[in-house]
Amino acid sequence: ATWEPKATVQFKFPTELVPHDFTLTPSFYVWCENRMRFAGRLPYLTGQIGPAEGLEVEQGAPNRFHVVARRDSGSIVDAKSLVVETPPWFCIHHSHAEEEQLPGGGS
């Protein structure tokens with residue numbers, strides 16, 4: 001076994017704070033975007049605060065799940081994400097994701 005990638009998928013994530021945590025299903029990558037922004041750049045860069053202290057939650061903004069199709073090819077694929085908004089909550093880590101077959105064979 002090698003550590004070479006089997007496939008690469010690129011897509012744009014519409015936030016400056018890309019989640020460090022994601023989960024996989026056989027067909028999809030899934031990220032949950034907590035609606036936050038980094039408001040403490042200068043105090044962080046000057047050593048006055050730690051990185052978590054510069055985060056501000058966008059109160060009342062919905063969370064977003066970004067679902068991106070996985071590919072099996074060896075080439076780099078540009079993909080679009082399906083974005084699903086949910087009521088506001090805070091996601092720290094994913095435990096798992098599940099995928100089920102729909103009638104007619106879709107996922």
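This passage walks through the overall form, the sheet and the aromatic residues of the structure shown above.

The coordinates come from a predicted model. The protein is built from 1 helix and 8 strands. Read from the N terminus, these elements follow the order β-β-β-β-α-β-β-β-β, with the helix placed after four strands and before four others.

A helpful place to start is the overall form. For a compact globule of 107 residues, a radius of gyration near 13 Å would be expected, whereas the protein has 17 Å. The C-alpha trace spans about 55 × 35 × 25 Å along its principal axes. Of the 107 residues, 28% count as buried. The accessible surface amounts to about 7,900 Å², and carbon and sulfur atoms contribute 56% of that area. Contacts across the sequence also deserve a look: among contacts with a separation of 6 or more, 59% link residues that lie 24 or more positions apart.

Attention can now turn to the strands. Four of them form an open sheet, arranged in the order E2-E3-E6-E8 with antiparallel pairing. Strand E2 (23–24) and strand E8 are the edges of this sheet, each pairing on one side only. Within the sheet, strand E3 (residues 28–33) runs antiparallel to E6, and 6 bridges join the two. One position shows this pairing residue by residue: Cys-32 has Phe-65 of E6 as its bridge partner. E6 also pairs with strand E8 (residues 82–86), again in the antiparallel sense, over 5 bridges. Here His-66 stands opposite Val-83 of E8, while Val-67 stands opposite Leu-82 of E8.

How enclosed is strand E6 by the rest of the structure? Of the 7 residues in this strand (residues 63–69), 5 are buried, so E6 is largely enclosed by its surroundings.

The aromatic residues add a further layer to the picture. Across the whole structure, 7 aromatic pairs are found. One of these joins Tyr-29 and Trp-31, whose ring centres are 6.0 Å apart and whose planes meet at 40 degrees, a tilted arrangement. Because a tilted pair is one whose planes are neither under 30 degrees apart nor over 60, an angle of 40 degrees falls into this class. Both Tyr-29 and Trp-31 are buried. These two residues belong to one aromatic cluster together with Phe-11, Phe-13 and Phe-22. Tyr-29 has a charged partner as well: the charged end of Arg-70 sits over the Tyr-29 ring, 5.4 Å from the ring centre.

A last stop is the loop between helix H1 (41–45) and strand E5 (55–57), where Gly-47 is found. Is Gly-47 buried or exposed? Its relative accessibility is 62%, and exposed means over 50%, so Gly-47 counts as exposed. Gly-47 and Glu-16 are separated by 31 residues in sequence, and their C-alpha atoms are 20 Å apart in space.

Taken together, the description pairs a buried strand region with an exposed loop residue: E6 has 5 of its 7 residues buried, whereas Gly-47 is exposed.

How values were computed. Residues are numbered from 1 along each chain as its sequence is written. This is a predicted model: local features need pLDDT of at least 70, side-chain atom pairs count only at pLDDT 80 or more; totals for chains, interfaces and linings use all residues. Side-chain values use heavy atoms; hydrogens and water are left out. Rings of Phe, Tyr and Trp (its six-membered ring) pair if their centres lie within 6.5 Å; planes under 30 degrees apart count as stacked, over 60 as edge-to-face and the rest as tilted. Buried means under 20% relative accessible area, exposed over 50%, partly exposed in between (1.4 Å probe, protein chains only). A charge sits over a ring if NZ of Lys or CZ of Arg is within 6 Å of the ring centre and within 35 degrees of the ring normal. The radius of gyration is taken over C-alpha atoms; the globule rule is 2.2 Å times the number of residues to the power 0.38. Contact means heavy atoms within 4.5 Å. Accessible areas come from the Shrake-Rupley method with a 1.4 Å probe; for residues, only the protein chains shown count as cover. Two strands pair if DSSP finds at least two bridges between them.
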